[in-house]
Amino acid sequence: MQEIKLLTDEQMRSYVVNGFISVKTELPAEFHAGIFQRTDDIFRKEGNPGNNLLPRLPEIRMVFQDPNVVGALTGLLGANYYMHPHRHCHANPPGSTGQRMHMDGWNRRHHHTRWAMAFYYPQPTPISLGPTGVVPGSHYNNTFDADANEELPLCGDAGDVTIVHYDLWHRAMPNSCDGPRYMMKFLFTRMQEPDAPSWRHVANGAPAHDGWKHSNDRTLLWNHLWDWHRGRPSANGLNASVADVARELDDEHENTALNAAYRLAGIGTPAIPTLSNFLDDESESVRRNAAYGLSAIGAPAVPGLVERLGHDAAQAVQILADIGGGAEEAVPRLVDALEHEDLEVRRWSAEALGNIALAEPAVVSGLKEQMKDGDGDVRRTAALALAKLGPAAESAVPELSDGLSDANRYARGNAAEALRRIGTPAALNALIPALTTARWCPDTTPESTF
């Protein structure tokens, strides 16, 4: 494999600000032309292959083995990232009027980059062909204002790949051409919390706040995300009145309120009681912004959130999951919450434990039991958490083996990934027969069945 082309500090700063990064593959033009033609044939004769996109067109794997693409994914998600089993080919037909601006259905409403999507275009994509339109910086927003947000079309050459934060607002733009536009969307997830920069970071270079090309009220937010990606506690230090800043947390303008959340986080520990009180506000947006502030404060906010598990578990587990590695103190209570009557609490508890990745026997035992949960989303999240634990989840091989026949397709996929990462003979002996029966011939079509 060619040497990975890691992102630069400038590219990472651009991602933190805008929520996406575009790279060009080193594959030849005829490779992408072939992918486009085969995709067009499949759509005309068979329809959309959906999650079977990769087995139907296995050559696409070469796109995600390209050194520029691997380097970009590594920079954003760490070297241990996982290609999730969900993928889809988005066809924009000729004469389409485009889509409405939206977030995808699994939106996290969290700012840390644990999920990302990669958009691959096998054909040149001018604006007339209906490229994907994105709104730079919109992954920080939970509402969309068409008058205040400027859409950027992802025009480019065949072989371009754009990696976006999962929550970035986007849409298919109108296609005024005579032919279709194809875009292959693949989903990726972080499998390990950042503990050091995973890009070409200049350790002694200019601090982040000296490197932003834009200067506005999101500087504290950007600084926090920059430090998080570097595996460091937030260096924001703000000397301000908690009461004065808190007045803006319920501002009708989302950006003003969001800025207030990160200003309170910059104040640090003294702001925790105020932010915690706002978690009980009648406004959903105020509650969410308070959660952003507590998540950015990190470990000092954990004791209060652990206490909150007793009366508002649904909100507390989400914040603890977003804090991730800094929430280790909450692990015993999160294990207990795996049995909560509320399925959302059970699911977010599993996600929190996967992010914290403390491989204690009680954690593995609790996640093993969740593999038998009655809700498919809980089971797929538990399987992903076990995959993040890797070899430490060895005792879960029987439950993960059963998960290979789960009714939920993503629970099956995550169970397979967990077994692969555990990697023991028992895990592989369970995995290989399942993969053998799941093997799918890329040449089998309705016109050629054998």
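This tour moves through a chain of packed helices and then turns to the largest pocket, in a model that is predicted.

**First stop: α9 and α11**

Begin by selecting residues 284–297, which form helix α9, together with residues 313–323, which form helix α11. These two helices pack at an angle of about 40°, and their axes are 9 Å apart. Because of that angle, α9 counts as oblique to α11. Looking at how the pair cross, you will find that α9 passes α11 in a right-handed crossing. To see the contact itself, show the side chains of R287, A291, L294 and S295 on α9, and then those of Q315, I319, D322 and I323 on α11. Colouring these residues by class should give 4 nonpolar, 2 polar and 2 charged.

**Second stop: α11 and α13**

Keep α11 selected and add residues 343–356, which form helix α13. Here the packing angle is about 20°, with the axes 8 Å apart. The angle lies under 35 degrees, so α11 is roughly parallel to α13. The crossing in which α11 passes α13 is left-handed. On the α11 side, the contact is made by A313, A314, V317, Q318, L320 and A321, while α13 brings V345, W348, S349, E351, A352 and N355. Sorted by class, the residues of this contact comprise 8 nonpolar, 3 polar and 1 charged.

**Third stop: α13 and α14**

Now leave α11 aside, hold α13 in view and select residues 361–370, which form helix α14. The axes of α13 and α14 are 11 Å apart, and the helices pack at an angle of about 140°. With that angle, α13 is therefore oblique to α14. Their crossing is left-handed. The residues to display are R346, R347, A350 and L353 on α13, facing V363, L367 and Q370 on α14 as their partners in the contact. By class, this contact divides into 4 nonpolar, 1 polar and 2 charged residues.

**Last stop: the largest pocket**

For the final view, select R61, P85, R87, A416 and L435, which, among the 30 residues that line the largest pocket, lie nearest its centre. The space in this pocket amounts to about 1,300 Å³. To place the lining within the fold, colour α3 (53–56), β2 (82–92), α17 (409–422) and α18 (425–438), since these are the elements that give two or more residues to it.

Which element gives the most to the lining of the largest pocket? Helix α17 does, with 6 residues. If you then colour the whole lining by class, you should find 18 nonpolar, 5 polar and 7 charged residues.

How values were computed. Residues are numbered from 1 along each chain as its sequence is written. This is a predicted model: local features need pLDDT of at least 70, side-chain atom pairs count only at pLDDT 80 or more; totals for chains, interfaces and linings use all residues. Side-chain values use heavy atoms; hydrogens and water are left out. Axes are lines fitted to C-alpha atoms, for helices over the stretch in contact, and angles run from 0 to 180 degrees between N-to-C directions. Helices (H or I, at least four residues) and strands (E, at least two) are DSSP runs, numbered from the N terminus. Angles under 35 degrees count as roughly parallel, over 145 as roughly antiparallel, 65 to 115 as roughly perpendicular and the rest as oblique. A crossing is left-handed if the near helix is turned anticlockwise from the far one by less than a right angle, and right-handed if clockwise. Contact means heavy atoms within 4.5 Å. Ala, Val, Leu, Ile, Met, Phe, Trp, Tyr, Cys and Pro count as nonpolar, Asp, Glu, Lys and Arg as charged, and the others, Gly among them, as polar. On a 1 Å grid over the protein atoms alone, a cavity is a set of points where a 1.4 Å probe fits but cannot get out, and a pocket is an open set with protein on both sides within 12 Å along at least five of seven lines; lining residues have an atom within 4 Å of a point. Grid points are joined across faces, edges and corners, and a volume is the space filled by probe spheres set on the points.
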